[in-house]
Every structure is written in C-alpha cells, then in structure tokens.
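Here is a quick tour for someone who likes to look at side chains and rings. Have the viewer open while you read.

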Amino acid sequence: MRPVWVRWSDGRKFAVDRVKHCVRAASRKAGGVGLRYTVMICGRETYLYYEENYRWFVEAKT
C-alpha cells in the first residue's frame, strides 16, 4: 500500500511525488499510532500516517 495523493479539507489535491520510507511510529502532535510514511509533496518532505482503523492523516503545520 502506497499513498498516491492527499486531499486537503478545502478540496485541494496534491500528488505524492515520492515515498522515501515507511516505519511504524506514533504522531507526536496528533496522537495515534500506525504507519508513518515519509513522502515528498511539491518538493517538500512531510509525514503521512495510516492508522489501524483504516484512516489516513497528515500532521498540521503550526
């Protein structure tokens, strides 16, 4: 399983340019445990999380 794109809450959609790696990890900002994908989106590195309840999320930038 690989993430292909991300849709923001305002409806914008961004393609995942590259998946760098995947590890089991917890989100420090949002809580929750699952698979953490390190991905490149629009030339920037970010983390996508996939939880065992079949939900994807991105940590919000503050």
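Trp56 is partly exposed, with a relative accessible area of 37%. Its ring partner Tyr50 is a different story by the cut-offs: at 15% relative accessibility Tyr50 is buried, because anything under 20% counts that way. The two ring centres sit 4.8 Å apart with the planes at 50°, so this pair is classed as tilted. Tyr37 joins in as well, and ring pairs tie Tyr37, Tyr50 and Trp56 together as a cluster.

One caveat before going on: this is a predicted model, so keep the confidence values in mind. Mean pLDDT for the chain is 87, and 90% of the residues reach 70 or more. Strand β2 (residues 13–15) has the highest confidence, at 95, while strand β6 (residues 56–58) has the lowest, at a mean of 86. Trp56 falls within the residue range of β6. As a general rule, coordinates should not be read in detail where pLDDT is low.

**More rings, and charges above them**

How many aromatic pairs turn up in the whole structure? The search finds four. One of them is Trp8 with Phe14, an edge-to-face pair at 5.2 Å centre to centre and 70° between the planes. Both partners are partly exposed: Trp8 has a relative accessible area of 35%, and Phe14 has 22%. Phe14 just misses being buried, because the cut-off for that is under 20%.

Two basic side chains also lie over ring faces, and they fit in a small table.

| Charged residue | Ring | Distance to ring centre |
|---|---|---|
| Lys13 | Trp5 | 4.0 Å |
| Arg36 | Tyr47 | 4.4 Å |

Arg36 deserves a second look. This arginine is in strand β4, and is it buried or exposed? With a relative accessible area of 16%, Arg36 is buried. Leaving out residues up to four places away in sequence, Arg36 touches His21, Cys22, Val23, Ala25, Tyr47, Leu48 and Tyr49. Tyr47, the residue whose ring face Arg36 lies over, is thus also on the contact list.

**Strand β4 and its neighbours**

The burial of Arg36 goes along with that of its strand, since seven of the nine residues in β4 are buried. β4 has a pairing partner in β3 (residues 18–26), antiparallel and with eight bridges. In that neighbourhood, Arg18 stands opposite Met40 of β4. β4 also pairs with β5, again antiparallel and through eight bridges, and here Val39 faces Thr46 of β5. The β4–β5 hairpin has two residues between the strands, and Cys42 takes a positive phi near 55° there. If you're tracing side chains along these strands, recall that in a regular strand they alternate between the two faces of the sheet.

His21 gives a view from β3. At 41% relative accessibility, His21 is partly exposed. Its contacts beyond four places in sequence are Arg36, Tyr37 and Thr38. His21 and Val39 are 18 residues apart along the chain, yet their C-alpha atoms are separated by 7.4 Å.

**The nonpolar core**

Which residues make up the largest nonpolar core? There are seven: Val6, Val16, Tyr37, Val39, Ile41, Leu48 and Tyr50. β4 (33–41) and β5 (44–51) each supply at least two of them, and β4 gives the most, with three. Tyr37 and Tyr50 therefore have two roles here, since each is a buried core member and each also belongs to the ring cluster with Trp56.

Ile41 is another core member to click on. Beyond four places in sequence, Ile41 is in touch with Val6, Phe14, Ala15, Val16, Asp17 and Thr46. Of these, Val6 and Val16 are fellow core residues, and Phe14 is the ring that pairs edge-to-face with Trp8.

**Out in a loop**

For contrast, try Asn53, in the loop between β5 and β6. Asn53 is partly exposed, at 47% relative accessibility. Asn53 and Arg2 are 51 residues apart along the chain, and their C-alpha atoms are separated by 16 Å.

Notes. Residues are numbered from 1 along each chain as its sequence is written. This is a predicted model: local features need pLDDT of at least 70, side-chain atom pairs count only at pLDDT 80 or more; totals for chains, interfaces and linings use all residues. Side-chain values use heavy atoms; hydrogens and water are left out. A nonpolar core is a set of buried Ala, Val, Leu, Ile, Met, Phe, Trp, Tyr and Cys residues joined through side-chain atoms within 4.5 Å. Buried means under 20% relative accessible area, exposed over 50%, partly exposed in between (1.4 Å probe, protein chains only). Helices (H or I, at least four residues) and strands (E, at least two) are DSSP runs, numbered from the N terminus. Contact means heavy atoms within 4.5 Å. Rings of Phe, Tyr and Trp (its six-membered ring) pair if their centres lie within 6.5 Å; planes under 30 degrees apart count as stacked, over 60 as edge-to-face and the rest as tilted. A charge sits over a ring if NZ of Lys or CZ of Arg is within 6 Å of the ring centre and within 35 degrees of the ring normal. Two strands pair if DSSP finds at least two bridges between them. pLDDT is the predictor's confidence in each residue, from 0 to 100.
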